[in-house]
2 protein chains.
Amino acid sequence: MKKRSYSCGLDAAVDVVGGKWKALILWALHEGPRRFGDLRRGVPGISEKSLIIQLREMEHCGLVHREVYHQVPPKVEYSLTPLGESLNQALIPLGEWGEKHMETIEAIPAA
Amino acid sequence: MKKRSYSCGLDAAVDVVGGKWKALILWALHEGPRRFGDLRRGVPGISEKSLIIQLREMEHCGLVHREVYHQVPPKVEYSLTPLGESLNQALIPLGEWGEKHMETIEAIPAA
DNA sequence: TCAGGTACCTACCTTTTCTTCAGTATGGGA
DNA sequence: TCCCATACTGAAGAAAAGGTAGGTACCTGA
């Protein structure tokens, strides 16, 4: 969250789910609660540090819920809140678009 | 475009439309072609430089079309390609989500 | 002759984001 | 006694993104 006022709904949504990882993390949670280490493996390429930061921010925004089990070794489960769930629904068409045009996208030259 | 392979469709879509501005620019084009200066005014807060860079990248990806009119003073129109149009469609639910939850989002404390 | 308007480009700098790597706490098992 | 696994934290630095300020080119009209 950086802004306080938005020019449109998309502006607000991008502010919340923008960045390199948030959408992917949200997506990785859509089948139910997952542990930290499990999430880390489920979002290929992310570093521990980034994952934690993103999770904290999304928790702060009310998108994900964090449940600590006082065990040794520690166990923490992350899950979607209803708000996170609704956002995830809104991301489905975007995911489908990417799926459909993935070959086109991959064929774009780097330079 | 930074990656060559994606873990899922959403990953690919985020790679294409990620960042602070691309989604907003795409959105601003959804009613038809717009001139550079017009776009600049239509995407509040963006700097000239960022707008140009984003437009170039999206042109490169085949999302927008750039039409130069050889006039003085110069006139350049940007419009959506069919691919850009389809991506825009996929962004609609996200925009609606943002619209619906904007008050909630704005109420999130900064710290 | 000279400012005006449009669509840029370039250099420089700051801010933000991401990664890497090292380290912490806990208690069970070898 | 020491190592293991998990879920973190912190420092440091690189890389990416963004902003600012200046300049270019062209023709028009004053």
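Let me start at the phosphates of DNA strand D, where a polar side-chain atom of B:S47 lies 3.2 Å from a phosphate oxygen, and where a polar side-chain atom of B:S50 lies 3.0 Å from a phosphate oxygen as well. A base of strand D is also approached, since a polar side-chain atom of A:K49 lies 3.1 Å from a base nitrogen. Polar contacts here are pairs of N or O atoms within 3.5 Å; within protein, one atom must be able to donate a hydrogen and the other to accept it, and residues adjacent in sequence count only if both atoms are side-chain atoms.

Please keep in mind that this is a predicted model, in which local features need pLDDT of at least 70 and side-chain atom pairs count only at pLDDT 80 or more, while totals for chains, interfaces and linings use all residues. Residues are numbered from 1 along each chain as its sequence is written, chains are lettered from A and ligands numbered from 1 in the order in which they are written, and side-chain values use heavy atoms, with hydrogens and water left out.

Turning to the wider surroundings of strand D, 22 residues lie around it, and A:E48, A:R66, A:Y78, B:K20 and B:K49 come nearest; a residue is near the strand if one of its heavy atoms lies within 4 Å of it. Of the strand atoms that come within 4 Å of the protein, sugar and phosphate account for 61%. The residues of this surface divide into eight nonpolar, five polar and nine charged, where Ala, Val, Leu, Ile, Met, Phe, Trp, Tyr, Cys and Pro count as nonpolar, Asp, Glu, Lys and Arg as charged, and the others, Gly among them, as polar. The largest share, four residues, comes from α4(A).

How, then, are the two chains related? A rotation of 180° with 0.0 Å of shift along its axis superposes chain A on chain B, with an RMSD of 0.0 Å, the superposition being by least squares on the C-alpha atoms of residues with pLDDT of at least 70 in both. That is the relation of a two-fold axis, and in chain A the C-alpha nearest the axis is that of A:G19, 3.1 Å from it. Because 100% of the interface residues of chain A are also interface residues in chain B, the copies meet through the same surface; contact means heavy atoms within 4.5 Å.

Terms used
Helices (H or I, at least four residues) and strands (E, at least two) are DSSP runs, numbered from the N terminus.
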